[in-house]
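This briefing introduces one protein structure to a reader who has not seen it before. Please keep the sequence and the model at hand while reading the points below.

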Amino acid sequence: MSLFITSAHAAETAGSAAAGGASLFGQLLLPIAFFAIFYFLVIRPQSKRTKEHRAMVNALTVGSEIIFAGGLMGRIKALEGDYAVVSLNSNTDVKVQRASVISVLPAGTIESV
């Protein structure tokens with residue numbers, strides 16, 4: 001009788017080892033898949049957007065017509081390091097951070113500043 005019990009016990013441990021291997025693969029596959037999805041849907045587009053914004057800010061020149069973070073439009077009058085002096089109209093100049101520029105407008109968009 002003890003002969004049958006021992007063989008059944010050995011078969012059970014062999015089956016659980018095979019199931020454990022598949023479980024380990026499944027446990028590793030799920031976090032890797034989540035990271036890949038997170039990377040392609042969040043990290044990569046954000047880094048691309050940041051790179052494009054940095055290139056736009058570095059390409060600013062005197063005379064560029066811009067919209068900055070406050071929603072105001074103006075023409076760049078002078079560049080001073082990380083800041084830009086923006087002429088909103090003929091009487092008003094403001095100094096803004098270059099990084100606050102959200103868009104460069106086509107030339108001639110602002111009629112007279």
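Is Glu-65 buried or exposed, and what is its relative accessible area? Glu-65 is buried, because its relative accessible area is 4%, and the cut-off for buried is under 20%. The model described here is predicted. The points below begin with the chain as a whole and then turn to the strands, the salt bridges and the surface.

**Overall architecture**

- The protein chain contains 1 helix and 5 strands.
- Read from the N terminus, these elements follow the order α-β-β-β-β-β.
- Helix 1 spans residues 2-58, and a loop connects helix 1 to strand 1, which covers residues 65-68.
- The protein chain has 113 residues, of which 18% count as buried.
- The exposed area of the protein chain is about 8,300 Å², and 65% of that area comes from carbon and sulfur atoms.
- Among the contacts in the protein chain with a separation of 6 or more, 40% are between residues 24 or more positions apart.

**Strand pairing and hairpins**

- Strand 1 and strand 2 run antiparallel and are joined by 3 bridges; strand 2 consists of residues 73-80.
- Within this pairing, Ile-66 has Gly-74 of strand 2 as its bridge partner.
- The hairpin formed by strand 1 and strand 2 leaves 4 residues between them, and Gly-71 in the turn has a positive phi of about 90 degrees.
- Strand 2 also runs antiparallel to strand 3 (residues 83-87), with 5 bridges joining the two.
- In this second pairing, Ile-76 is matched with Val-86 of strand 3 as its bridge partner.
- The hairpin of strand 2 and strand 3 has 2 residues between the strands, and Gly-81 takes a positive phi near 65 degrees there.
- As general background, side chains in a regular strand alternate between the two faces of the sheet.

**Salt bridges**

- The model has a count of 3 salt bridges.
- In general terms, side chains of opposite charge can pair when their charged atoms come close.
- Glu-65, the buried residue of the opening question, forms a salt bridge with Arg-75, and the closest N and O atoms are 2.5 Å apart.
- This pair links distant parts of the chain, with Arg-75 in strand 2 and Glu-65 in strand 1, 10 residues apart.
- Arg-75 counts as partly exposed because its relative accessible area is 22%.
- Lys-77 forms a salt bridge with Asp-93, the closest N and O atoms being 2.7 Å apart.
- Here too, the pair links distant parts of the chain: Lys-77 lies in strand 2 and Asp-93 in strand 4 (residues 93-97), 16 residues apart.
- Asp-93 is partly exposed, with a relative accessible area of 37%.
- Lys-95 forms a salt bridge with Glu-80, where 2.9 Å separates the closest N and O atoms.
- The pair of Glu-80 in strand 2 and Lys-95 in strand 4 links distant parts of the chain, 15 residues apart.
- Glu-80 counts as partly exposed at 39% relative accessibility, whereas Lys-95 is exposed, with a relative accessible area of 53%.

**Ser-87 and its polar contact**

- Ser-87 belongs to strand 3 and counts as buried, because its relative accessibility is 10%.
- The side chains of Ser-87 and Asp-93 are joined by a polar contact of 3.3 Å.
- Asp-93 therefore takes part in the polar contact with Ser-87 and in the salt bridge with Lys-77, while being partly exposed at a relative accessible area of 37%.

**Val-62 in the loop**

- Val-62 lies in the loop between helix 1 and strand 1 and is exposed, because its relative accessible area is 54%.
- Residues touched by Val-62, apart from those up to four places away in sequence, are Ile-76, Lys-77, Ala-78 and Leu-79.
- From C-alpha to C-alpha, Val-62 and Val-86 are 9.3 Å apart in space, and they are 24 residues apart in sequence.

**Nonpolar surface patch**

- A nonpolar surface patch of about 1,000 Å² includes Leu-30, Phe-34, Phe-35, Ile-37 and Phe-38.
- The same patch also includes Tyr-39, Phe-40, Leu-41, Val-42 and Ile-43.
- Leu-30, one of the patch residues, has its place in helix 1.

Technical notes. Residues numbered from 1 in each chain as written. Predicted model: local features only at pLDDT ≥ 70, side-chain atom pairs only at ≥ 80, totals over all residues. Heavy atoms only, no water. Patch = residues over 30% accessible without salt bridge, like charges linked within 9 Å, V, L, I, M, F, W, Y side chains within 5 Å. Areas by Shrake-Rupley, 256 points an atom, 1.4 Å probe, with all protein chains shown as cover. Salt bridge = Lys/Arg side-chain N within 4 Å of Asp/Glu carboxyl O. Buried < 20%, exposed > 50% of the residue type's maximum accessible area, 1.4 Å probe, protein only. Contact = heavy atoms within 4.5 Å. Pairing = 2+ DSSP bridges. Polar contact = N/O pair within 3.5 Å; in protein donor to acceptor, adjacent residues only side chain to side chain.
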